[in-house]
Amino acid sequence: MMQSRLFRILVILAGIMGADGVILAAASAHQPEASRLVSASSMLLFHATAVLAVVALAERGVIHARIGITAAFGFVIATGLFAGDLTLRQYAGHGLFPFAAPIGGTLLIISWLVLAVAAAWPRRAS
């Protein structure tokens with residue numbers, strides 16, 4: 001029951017991330033000197049898809065669900081830090097907070113490694 005709620009929350013967050021990615025892609029296409037938005041858009045769109053993949057794999061028992069959910073939330077948080085920092089730098093001239101993008105990038109790397117652990121971790125028979 002709890003896992004299905006977490007899956008639903010992750011799908012909602014992935015939808016928001018995807019919409020934000022498309023918005024930033026459109027903004028970068030219509031604004032000169034908006035190169036930071038391209039990176040932010042790509043990160044949002046790519047990791048929104050990764051979150052959906054994690055949910056699908058966890059639901060089907062291909063990966064360990066709890067570890068996979070941890071990785072998916074890591075993707076959401078890290079991408080928010082990374083894309084949020086780049087977007088603020090573009091529009092406001094300052095970042096989210098010092099080192100927000102590097103922290104987000106590091107958390108993305110860790111989340112991908114956690115996803116690898118979720119695939120390797122033995123799952124309980126249902």
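Of the 126 residues in this protein, 39% count as buried. You're looking at a predicted model, by the way. Color by accessibility if you like: the protein exposes about 7300 Å², and carbon and sulfur atoms supply 69% of that.

**The whole chain**

Switch to cartoon. There are four helices and zero strands, so from the N terminus on the elements simply read α-α-α-α. Turn the C-alpha trace onto its principal axes and it spans about 55 × 25 × 20 Å. Now think about who touches whom: among contacts between residues at least 6 apart in sequence, 71% join residues at least 24 apart.

**Helix α3**

Select 65–91, which is α3. This helix has 27 residues and runs 38 Å from its first C-alpha to its last, close to the 39 Å expected at 1.5 Å a residue.

Stay in α3 and pick V76. Is V76 buried or exposed? V76 counts as buried, because its relative accessibility is 16% and the cut-off for buried is under 20%. Show its surroundings, leaving aside neighbours within four places in sequence, and you'll find V76 in contact with L10, L13, M17 and V51. While you're here, draw a distance from V76 to G21: 55 residues separate the two along the chain, and their C-alpha atoms are 13 Å apart.

**The salt bridge**

Next, select D85 and R89, also in α3. The two sit four residues apart, about one turn of the helix. Side chains of opposite charge can pair when their charged atoms come close. Here R89 forms a salt bridge with D85, with the closest N and O atoms 2.7 Å apart. Don't go hunting for others, as the structure holds one salt bridge. Flip on the surface to see how the partners contrast: D85 is buried at 1% relative accessibility, whereas R89 is partly exposed at 35%.

**Before α3: H64**

Step back to the loop between α2 (35–59) and α3, where H64 has its place. What does H64 touch, not counting residues up to four places away in sequence? Select A118, W121, P122 and R123 to see those contacts. Also show the backbone of I67, whose nitrogen lies 3.4 Å from a polar atom of the H64 side chain. H64 is buried too, since its relative accessible area is 18%.

**After α3: the loop and its patch**

Jump to the other end of the helix. α3 is followed by G93, which has a positive phi near 85°. Keep going into the loop between α3 and α4 (100–120), and you'll reach F97. At 36% relative accessibility, F97 counts as partly exposed.

F99 is in the loop between α3 and α4 as well. Check its backbone: phi is near 70°, a positive value in a residue other than glycine. F99 counts as exposed because its relative accessible area is 60%, where the cut-off is over 50%.

For the last stop, select L96, F97, F99 and I103 together and turn the surface on. What do these four residues form? They make a nonpolar patch on the surface, with about 390 Å² of accessible area together.

Methods. Residues numbered from 1 in each chain as written. Predicted model: local features only at pLDDT ≥ 70, side-chain atom pairs only at ≥ 80, totals over all residues. Heavy atoms only, no water. Patch = residues over 30% accessible without salt bridge, like charges linked within 9 Å, V, L, I, M, F, W, Y side chains within 5 Å. Areas by Shrake-Rupley, 256 points an atom, 1.4 Å probe, with all protein chains shown as cover. Salt bridge = Lys/Arg side-chain N within 4 Å of Asp/Glu carboxyl O. Buried < 20%, exposed > 50% of the residue type's maximum accessible area, 1.4 Å probe, protein only. Expected span 1.5 Å × (residues − 1). Polar contact = N/O pair within 3.5 Å; in protein donor to acceptor, adjacent residues only side chain to side chain. Contact = heavy atoms within 4.5 Å.
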